[in-house]
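Work through the exercises below with the sequence and the coordinates side by side. Try each task before reading its solution.

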Amino acid sequence: MASAGLAYPDRFYAAAAYAGFGGSPQSSTAGASRFQNDVALLLYGLYQQATVGPCADPKPRAWNPVEHSKWTSWHGLGNMASTEAMRLFVKILEEEDPAWYSRVPELAAESVVDVEMLKPKVEPATVSASENGDSLPDTKTISTENGLLLETQDKDVVMEGLGLVSIYDQWVAPSVSGQRPKPRYAHGAAVVQEKMYIFGGNHNGRYLSDLQVLDLKSLTWSRIEAKALAGSLDSSTTGSVAPSAGHSLIPWGNKILSIGGHTKDPSETITVKEFDPQTCLWSNLKTYGKPPISRGGQSVTLVGNTLVIFGGEDAKRSLLNDLHILDLETMTWDDIDAILYKVQVEVSDSASGTPPAPRSDHAAACHADRYLLIFGGGSHATCFNDLHVLDLQTMEWSRPKQQGATPGPRAGHAGVTVGENWFIAGGGNNMNGISETLVLNMATLVWSVVATVQGRVPLASEGLSLVTSTYKGEDFLMSFGGYNGRYSNEVYVLKPSHISDLQSRMIEGPVSDTIAAVLPTTNTSRDMELETEGAQDKKIKEIEMDNGDSELNIRNEETIERIVESLKAEKEELESTFNKEQLQNLQIKQELAEAESRNTELTKASFISELQSVRSQLAAEQSRCFKLEVDVAELRQKLQAMEALEKEVELLRRQKAASEQEALSAKQRQGSGGLWGWLAGSPPPEK
């Protein structure tokens, strides 16, 4: 069997055999009718380049478009190396069919198919009869990898749809026909009238807008060319459907609702769209009240005639943990903040609990049309494995204690309910995909593992979808898509062995001990009194029915009186204990309020003291700065005075030098006057 670690060129030949091109380099017959035309042509060209080499054939005549397209695909590869063509061939095949290697029965077997290109594949629903009228079933090999059944047994059971799955508690990849959807994750899925609808999703960072349908009777894929009404329901103008990912699909009657989701151009508030399979039209539904902000990755749970929306991630990638309810009959949004305030006022002695932390890509379910369960999800840095319960009657959150197999943290998982069982599949934890499929009994809150897959399979992926359908009285779970390093477009089916108890025990019976221990209760003393009186009446009736004799009745009456007195004493003791607990609870609340008040006062006093200290320090610094400014001004004045003095000193120096020079000149003239006078004929001065 081919494996993910198969080396080249054997890996290429196995991929070529699986795609229908033959398992040896001598084979040049092209098939690949299971792929789209452009993909099939590219695979053909790469196969020829890898096995034959660069195209040297002459260009075919234009009147044969099939051969012309095949020649163009091969000739366009130029001088690409054979090894590179092999690797590109396998890479493209893995993108189109990530699990191809798990479906190759034997590497030695060659699958040579001679099918014209550019022709849609038509698979017969039943096996044609032979010439003598006998049916000849075409048996396939059942190959398993890591415990997964990967192929069906006979082609003559394709029309039975989900009935071909005969084993319990094991994921099966049935053989499907038709053109498979593009691989994706974060899409929406819903089942209406034995058809599974897939809308939108994410592939390579791009949002999708296509609508794909899998007929669960024949397991055949088809695509619906849906349009969107440009205006209201009465409008006749249609346009293209906006791509979306992270939305939720909810079946409502014979139609499908799409709530929220990330889009390229998000709106300010959440959008609610409706798809009509009869007209193949999408339309925007008008809602009333205050709608929540737009988001994706939220959970949407159908509870009776209402939708309960929790959490998600808004258009700015901020995580949310708000709760909103949409009444589908009036299309009105309920103000949950007002409801919670009203509940806290009416039930003042009980806390409303703490809601889950902000998150997206979590799972939600409803039990008994009363309890909303939130499990897992992720933030920007971590994944959760906590379980929260919201009582939709009292609007109080609680976090119950989980029992059984403790689930690990995960986000991007999917969940569906079958009776009182909640099945969880897929998801990831920032390191790898989650391989366990879990089930939670919502009445007892006990976890158990249904199935475990091994290896890098689509079931251990984030963003997969999970829906449920019924066939001949049995329930089936169906998963599609997901991302675990590769995008998937595989369909897997699981038939759970758990018996579906459609009448939940929480509807007609008391709340289980586990849930009762965590959910807030009201009128406890009245409920205790009714329970005690019911137990008394039950014991009295049993004693009276077991005794028909008058003498025994007298004794029984005495016994009854003793039992009644004993029960009354127990009742009084329980009431006393309950009252004490209430008093202690009130005292604790008062002490907590006083402590908070003291803490507030201390915090305020400390803040004021620190503020005053800072102010005094600021004043001191201001005074110091002012003094420094005065000193600087004085120094500047002194500096200016010194400059003036320097100028005066310089002037005096010059005057002194000039005086000295003049005196020296006069002295020289006096010393040389006699000789010059004699030469000039003037008499010498008298002595």
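Five exercises follow, each with a worked solution.

The model is predicted, so local features need pLDDT of at least 70 and side-chain atom pairs count only at pLDDT 80 or more, while totals for chains, interfaces and linings use all residues. Residues are numbered from 1 along each chain as its sequence is written, and side-chain values use heavy atoms, with hydrogens and water left out.

**Exercise 1. The nonpolar core**

Task: find the residues with the most contacts inside the largest nonpolar core, and the elements that give two or more residues to this core.

Solution. Start with the term. A nonpolar core is a set of buried Ala, Val, Leu, Ile, Met, Phe, Trp, Tyr and Cys residues joined through side-chain atoms within 4.5 Å. Buried means under 20% relative accessible area, exposed over 50%, and partly exposed in between (1.4 Å probe, protein chains only).
- Step 1: the largest such core has 26 residues. Those with the most contacts inside it are Phe 12, Phe 21, Phe 35, Leu 43, Leu 46, Phe 89 and Trp 100.
- Step 2: α1 (10-19), α2 (37-51) and α4 (82-96) each give two or more residues to this core. Helices (H or I, at least four residues) and strands (E, at least two) are DSSP runs, numbered from the N terminus.
- Step 3: take Phe 89. Neighbours within four places in sequence aside, its contacts (heavy atoms within 4.5 Å) include Phe 12, Ala 16, Phe 21, Leu 43 and Tyr 47.

**Exercise 2. An open sheet**

Task: give the order of the four strands in the open sheet, then name those at the edges.

Solution. Two strands pair if DSSP finds at least two bridges between them.
- Step 1: the order is β3-β4-β5-β6, with antiparallel pairing.
- Step 2: β3 (188-191) and β6 (220-224) each have a single partner strand, so one side of each lacks a neighbour in the sheet.
- Step 3: the twist from one strand to the next averages 25 degrees. Axes here are lines fitted to C-alpha atoms, for helices over the stretch in contact, and angles run from 0 to 180 degrees between N-to-C directions.
- Step 4: four bridges join β3 to β4 (residues 195-203). Val 191 faces Met 196 across this pair.

**Exercise 3. A residue in β5**

Task: decide whether Gln 212 is buried or exposed, and find its polar contact.

Solution.
- Step 1: Gln 212 lies in β5 (residues 206-215). Its relative accessibility is 5%, so Gln 212 counts as buried.
- Step 2: beyond four places in sequence, Gln 212 touches residues including Met 196, Ile 198 and Trp 221.
- Step 3: its side chain makes a polar contact of 2.9 Å with that of Asp 210. A polar contact is a pair of N or O atoms within 3.5 Å; within protein, one must be able to donate a hydrogen and the other to accept it, and residues adjacent in sequence count only if both atoms are side-chain atoms.

**Exercise 4. An enclosed strand**

Task: describe the burial and the partners of β11.

Solution.
- Step 1: five of the five residues of β11 (residues 272-276) are buried, so the strand is largely enclosed by the rest of the structure.
- Step 2: Val 272, Glu 274 and Asp 276 cover one side, Lys 273 and Phe 275 the other.
- Step 3: β10 (residues 255-259) pairs antiparallel with β11 over four bridges. Ser 258 is opposite Lys 273.
- Step 4: β12 (residues 281-284) also runs antiparallel to β11, over four bridges. Phe 275 has Trp 282 as bridge partner.

**Exercise 5. A buried loop residue**

Task: locate Glu 420 and find its side-chain partner.

Solution.
- Step 1: Glu 420 sits in the loop between β23 (414-418) and β24 (421-425).
- Step 2: Glu 420 counts as buried, at 7% relative accessibility.
- Step 3: a polar contact of 3.4 Å joins its side chain to that of Asn 441.
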